[in-house]
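Visitor: Please take me closely through one part of this model, and then carry on from there into the rest of the chain. I would like careful reasoning in place of a quick tour.

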Amino acid sequence: MSTGSARARAVRLTGWGTPPALIEVTHPTPTDEQVLIQVEAAGLCRSDLHVIDAGPGALPYRLPFTLGHEVAGRVLRRGPLATGPAVGERVIVYGPWGCGSCARCATGAENYCDRRPALDADRAGTGAGLGRDGGMADLLLVPSGRLLVPVGDLDAVQAAPLSDAGLTAYHAVTMVRRTLGDGAGTHVVVLGVGGLGHLAVQILRATTDARILAVDVREEPLALADECGAHFGTLLRPDTARVLRDRTGGVGAVAVLDFVGSRSSLELAVAVLRAGGELAVVGSGGGELAVRKPGVLPPGTRISLPFWGTLPELAAVAALAREGALTVGVERFALSCAAEAIDRLRSGTVRGRAVLVPD
């Protein structure tokens with residue numbers, strides 16, 4: 001395929017508050033450090049719904065752009081100054097694109113780029129599918145080879161969700177891991193066993209000795225939690241806090257990973273957290289916590305707001321998947337069926353992660 005005038009399909013957001021459309025676009029030849037990726041799979045998540053549903057001015061992005069921040073594919077062409085994976089190598093794309101040169105980016109933590117506020121002010125976009133063209137397409141132009149992580153022969157449909165769902169879950173676990181090192185008797189609560197939560201359960205099993213207690217509002221996600229290695233699962237009910245505390249011997253959990261972030265999930269998190277524990281709020285469900293002293297939070301509580309993860313962590317996630325310790329529950333959709341996948345995700349009927357495959 002020649003790239004100077006190459007035509008390809010892409011799921012584009014062309015107006016705020018309007019459904020994305022599958023349209024034909026032109027992809028340029030990669031220049032300088034750029035790398036052109038032939039997309040093999042692109043994940044779909046609730047962050048995409050937030051972008052699709054955003055009103056004018058709600059996000060610091062310019063329209064139009066192609067959606068999709070979970071991307072796996074093959075290096076098709078490289079610019080003359082490109083580094084990293086060679087042509088033909090299979091990769092996943094690191095989603096949060098920072099400036100590439102600040103102190104944070106130099107360590108691979110582009111998710112916390114020091115220049116992010118300036119990038120937002122310039123409306124330059126924060127990464128693939130987030131103000132800049134993403135991977136719900138046949139082709140994706142990546143700014144630099146530094147943003148690519150090799151995956152070898154890992155199935156693309158498994159690999160794509162690792163770049164957000166797997167990475168964000170891994171980063172959240174990393175942020176509470178010091179507390180989980182207290183011993184085999186420690187308990188961690190996972191609230192919400194969806195696209196991220198089911199991966200967090202597997203990561204916890206693979207990297208810690210903690211006892212994992214899973215909570216969801218539906219039976220099917222709890223069955224998924226059980227498949228992924230949770231030691232106990234329960235529906236969210238009025239007595240759930242008591243049930244979970246009983247499971248911990250009455251002392252509470254040393255860590256809570258909240259993949260929902262709603263009012264009810266945060267209330268439950270506070271109710272089951274042990275003094276000196278860690279609360280990682282990953283979900284963006286609109287809930288709020290009043291932080292005051294004294295207040296409802298147990299003494300010594302540490303709160304984190306994990307956002308994506310680092311490049312070294314993405315490499316670690318890919319390694320876990322290649323070792324067989326991490327398996328993504330997925331539903332496949334053809335790229336031409338993106339609208340159906342979005343509707344299914346919105347209705348909450350996708351089991352695990354929705355993944356689009358070019359057809």
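Guide: Let us begin at glycine 194, which has a relative accessible area of 31% and is therefore partly exposed, since that class lies between the 20% limit for buried and the 50% limit for exposed. The model is a predicted one, and every value that follows is computed from it. Glycine 194 belongs to the loop that leads from β11 (187–191) to α6 (197–207). Its C-alpha atom is 9.0 Å from that of alanine 225, although 31 residues separate the two along the chain.

A little earlier in the sequence comes helix α5, which spans residues 165–180. With 16 residues, α5 reaches 21 Å from its first C-alpha to its last, close to the 22 Å expected at 1.5 Å a residue. The helix nevertheless has a kink of about 35°, centred on threonine 174. Most of α5 is covered, twelve of its 16 residues being buried. Among the buried ones are the run from Ala165 to Val173, and then Val176, Thr179 and Leu180. In general, residues three or four places apart on an α-helix point the same way, because there are 3.6 residues a turn. Tyrosine 170, one of the buried residues of α5, has the charged end of arginine 177 over its ring, 5.5 Å from the ring centre. Just ahead of this helix, proline 161 occupies the loop between α4 (156–159) and α5, and at 0% relative accessibility proline 161 is buried. Its C-alpha lies 19 Å from that of alanine 339, a residue 178 positions away in sequence.

Aromatic contacts are the next topic. Searching the whole structure turns up two aromatic pairs. In one of them, the ring centres of tyrosine 61 and phenylalanine 65 are 5.8 Å apart and the planes meet at 85°; an angle over 60° makes a pair edge-to-face, so this pair is classed that way. Tyrosine 61 is buried at 8% relative accessibility, and phenylalanine 65 is buried as well, at 1%. The other pair joins phenylalanine 307 and tryptophan 308, whose ring centres are 5.7 Å apart and whose planes stand at 80°, so it too is edge-to-face. Here the burial of the partners is mixed, for phenylalanine 307 is partly exposed at 37%, whereas tryptophan 308 is buried at 5%.

Tryptophan 308 deserves a second look for its backbone: although it is not a glycine, its phi is positive, at about 55°, and the residue sits in the loop between β16 and α10 (311–323). Aspartate 32 likewise has a positive phi, of about 50°, without being a glycine. That aspartate lies between β2 (21–27) and β3, and at 47% relative accessibility aspartate 32 is partly exposed. As background, most residues other than glycine have a negative phi, and most peptide bonds are trans.

Two prolines are joined to their predecessors by cis bonds. The bond from leucine 63 to proline 64 is cis, with omega near -5°, and proline 64 is in the loop between α1 and β4 (65–66). A further cis bond links lysine 293 to proline 294, with omega about -5°, and proline 294 is placed in the loop between β15 and β16.

That brings us to the strands. β15 pairs with strand β16 (residues 302–304) in the parallel sense over three bridges, and glutamate 278 stands opposite arginine 302 of β16. β15 (residues 273–281) is also parallel to β14 (residues 253–258), here over five bridges, with valine 256 bridged to leucine 279. From β14 the chain passes through helix α9 (residues 263–272) to reach β15, in a β-α-β crossover that is right-handed. Further along, β17 (residues 330–334) and β18 (residues 353–357) pair in parallel over five bridges, and phenylalanine 333 has leucine 356 of β18 as its bridge partner. The link from β17 to β18 runs through helix α11 (residues 338–347), and this crossover is right-handed.

To finish, consider cysteine 45, found in the loop between β3 (35–44) and α1 (46–53). Cysteine 45 counts as buried because its relative accessible area, 4%, is under 20%, and its C-alpha is 22 Å from that of leucine 204, with the two positions 159 residues apart in sequence terms.

Conventions
Residues are numbered from 1 along each chain as its sequence is written. This is a predicted model: local features need pLDDT of at least 70, side-chain atom pairs count only at pLDDT 80 or more; totals for chains, interfaces and linings use all residues. Side-chain values use heavy atoms; hydrogens and water are left out. Rings of Phe, Tyr and Trp (its six-membered ring) pair if their centres lie within 6.5 Å; planes under 30 degrees apart count as stacked, over 60 as edge-to-face and the rest as tilted. Buried means under 20% relative accessible area, exposed over 50%, partly exposed in between (1.4 Å probe, protein chains only). A charge sits over a ring if NZ of Lys or CZ of Arg is within 6 Å of the ring centre and within 35 degrees of the ring normal. Helices (H or I, at least four residues) and strands (E, at least two) are DSSP runs, numbered from the N terminus. The expected span of a helix is 1.5 Å times one less than its number of residues. The bend at a residue is the angle between axes fitted to the seven residues ending there and the seven starting there. Two strands pair if DSSP finds at least two bridges between them. A crossover is right-handed if, with the strands pointing away from the viewer, the path from the first strand over the helix to the second runs clockwise.
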